[in-house]
Amino acid sequence: MLKSKPDQIHGAGLPRGVWVLGFVSLLMDISSEMIHGLLPVYLAVGLGVSMAAIGWIEGVSEATASITKLFSGVLSDYLGKRKLLTAIGYGMAALTKPVFPLAQALSHPLEWIVAARFIDRIGKGVRGAPRDALITDMTPPAMRGAAFGLRQSLDTVGAFAGPLLAIGLMIVSLNNFALVFWIAVIPAFAALALVVFGVEDAAPADGASTGQPPMKLRDIRQFTAPFWCVVGIAGVLTLARFSEAFLILRAQDLGLILALAPIVLVVMNVAYAFAAYPAGKLSDRHGRKAPLLAGIVLLIFSQISLALAGSLAPLVLGVIFWGLHMGFTQGLLAALVADTAPTQLRGTGFGVFNLVSGVMMLAASVTAGALWQAFGASATFYAGACFAGLAFIGLLALTREQPANQR
């Protein structure tokens with residue numbers, strides 16, 4: 001179980017399209033994280049939204065994105081036009097960005113912000129599975145770990161550059177949320193332009209054709225046990241990894257000032273970017289299972305540190321462990337989907353994977369908000385550690401994996 005295909009071309013460079021899609025992700029994440037790094041605090045402090053309500057907003061938003069990925073993945077398999085759906089998704093996200101600075105001047109700002117957040121996440125859902133399937137099409141099987149690790153790393157560079165920009169602008173502008181949100185519009189439209197003019201559809205590197213007849217229900221039988229194991233473990237792990245909004249709120253709970261709230265995402269994403277590409281390359285050579293187990297252990301340490309934190313120092317340690325966990329798991333899970341999904345149903349495979357992850361993210365964030373409001377912050381993070389332990393046991397129980405160079 002959990003096998004990737006033989007490594008035959010170590011040392012060859014990754015395809016140009018993989019790099020371009022990585023930089024597209026970087027630019028869009030700069031834009032999104034400039035907004036999302038401030039949004040939880042703005043909702044809680046500026047608009048007086050409760051922790052339980054924030055949990056619902058974050059959970060439903062992320063679940064919406066993941067559920068949408070199922071349909072976009074199926075459609076990308078049917079049409080064989082992965083670039084088109086990727087561009088539509090990035091376009092939807094870019095068009096929502098001006099709503100955030102304009103919302104303050106409108107009646108019912110919370111409703112406008114929530115609507116923009118949902119549409120932005122739908123855009124993420126529309127682009128996610130086709131983009132990952134397109135990366136799989138472009139990349140030789142023996143380099144998939146590196147390809148997804150690179151995409152995750154560049155995506156994550158954007159995820160810490162965005163909050164850094166937000167911090168600087170908040171300090172210079174004396175906490176002018178609208179100014180920060182307006183500047184965030186620029187990289188979003190740059191990302192859209194890059195995907196429109198810099199990316200082309202590709203025939204799969206393993207020689208399979210794209211463009212399939214409409215999926216039928218019986219096609220689900222083509223997904224084998226290793227694929228469903230990946231989906232199941234990822235689902236349980238997602239229960240432990242609720243929205244990063246709760247990391248920001250935990251920092252504020254421990255006394256971090258308003259303008260510095262996005263620093264939590266900076267620290268997390270620096271650790272994430274540092275780990276993702278090396279973890280992907282390591283998994284290409286020695287198998288996916290060991291790095292994934294290490295990533296789950298890091299999450300358990302993170303949750304315990306965040307639960308026990310009484311000052312900012314243990315919080316920083318917990319946030320670093322959280323980021324390292326992301327680097328050791330997210331790209332590898334995507335690579336495992338690419339490894340185990342049927343070639344002609346790759347988009348659908350990524351869609352199913354993200355659907356399950358999205359439903360679990362909704363459950364995780366709603367549970368996190370409810371536990372926080374009822375029992376305090378520590379209960380939220382202790383519950384996360386328990387779910388991470390279940391994912392560790394499930395992964396450990398799988399059949400022992402062979403290293404890539406022995407397959």
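**Group meeting: contacts and core of a helical chain**

I'll start with a single contact: the side chains of Asp120 and Arg121 are joined by a polar contact of 2.6 Å. Before going on, note that this is a predicted model. Asp120 belongs to helix H6, residues 109-138. Is Asp120 buried or exposed? Its relative accessible area is 1%, and the cut-off for buried is under 20%, so Asp120 counts as buried. Apart from neighbours within four places in sequence, Asp120 is in contact with Ser32, His36, Ala93, Thr96 and Lys97.

Now the chain as a whole. The secondary structure comes to 16 helices and 0 strands. There are 407 residues, of which 59% count as buried. The exposed area is about 14900 Å², and carbon and sulfur atoms supply 70% of that. If we take contacts between residues at least 6 apart in sequence, 87% of them join residues at least 24 apart.

Next, the core. In soluble globular proteins, nonpolar side chains tend to be buried together. Here the largest nonpolar core has 107 residues. Which members touch the most others? They are Val195, Trp322, Phe350 and Phe381. Helix H14, residues 312-340, gives the most to this core, with 11 residues.

Let me take Phe381 from that group. Setting aside residues up to four places away in sequence, Phe381 touches Phe242, Phe246, Leu247, Arg250, Gln303, Leu306, Ala307 and Trp372. Some of those names come back when we look at rings. Ring pairs link Phe242, Phe246, Trp322, Trp372 and Phe381 into a cluster.

How many aromatic pairs does the count give? It comes to 12. In the pair of Phe242 and Phe246, the ring centres are 5.8 Å apart and the planes stand at 85°; the cut-off is over 60 degrees, so this pair is edge-to-face. Both Phe242 and Phe246 are buried. Phe242 also pairs with Trp322, at 5.6 Å centre to centre with 55° between the planes, and that pair is tilted. What does this second pair tie together? Phe242 lies in the loop between helix H10 (225-240) and helix H11 (245-253), while Trp322 is in helix H14, so the pair ties together parts that are 80 residues apart in sequence. Phe242 and Trp322 are both buried.

Staying with helix H14, another residue found there is Thr329. Why does Thr329 count as buried? Because its relative accessibility is 0%. Leaving out residues up to four places away in sequence, Thr329 touches Leu237, Leu292, Gly295 and Ile296.

Two more sites, then I'm done. The first is Pro101, which lies in helix H5, residues 99-103. Pro101 has a relative accessible area of 6% and is buried. Not counting neighbours within four places in sequence, Pro101 is in contact with Ala178, Phe181 and Trp182. How far apart are the C-alpha atoms of Pro101 and Ile35? The separation is 9.5 Å, for two residues 66 apart along the chain.

The second is a charge over a ring. The charged end of Arg127 sits over the ring of Tyr90, and the distance to the ring centre is 4.4 Å.

To recap the ring part: the cluster takes in Phe242, Phe246, Trp322, Trp372 and Phe381, and Trp322 and Phe381 are also among the core residues that touch the most other members.

How values were computed
Residues are numbered from 1 along each chain as its sequence is written. Side-chain values use heavy atoms; hydrogens and water are left out. A nonpolar core is a set of buried Ala, Val, Leu, Ile, Met, Phe, Trp, Tyr and Cys residues joined through side-chain atoms within 4.5 Å. Buried means under 20% relative accessible area, exposed over 50%, partly exposed in between (1.4 Å probe, protein chains only). Helices (H or I, at least four residues) and strands (E, at least two) are DSSP runs, numbered from the N terminus. Contact means heavy atoms within 4.5 Å. Rings of Phe, Tyr and Trp (its six-membered ring) pair if their centres lie within 6.5 Å; planes under 30 degrees apart count as stacked, over 60 as edge-to-face and the rest as tilted. A charge sits over a ring if NZ of Lys or CZ of Arg is within 6 Å of the ring centre and within 35 degrees of the ring normal. Accessible areas come from the Shrake-Rupley method with a 1.4 Å probe; for residues, only the protein chains shown count as cover. A polar contact is a pair of N or O atoms within 3.5 Å; within protein, one must be able to donate a hydrogen and the other to accept it, and residues adjacent in sequence count only if both atoms are side-chain atoms.
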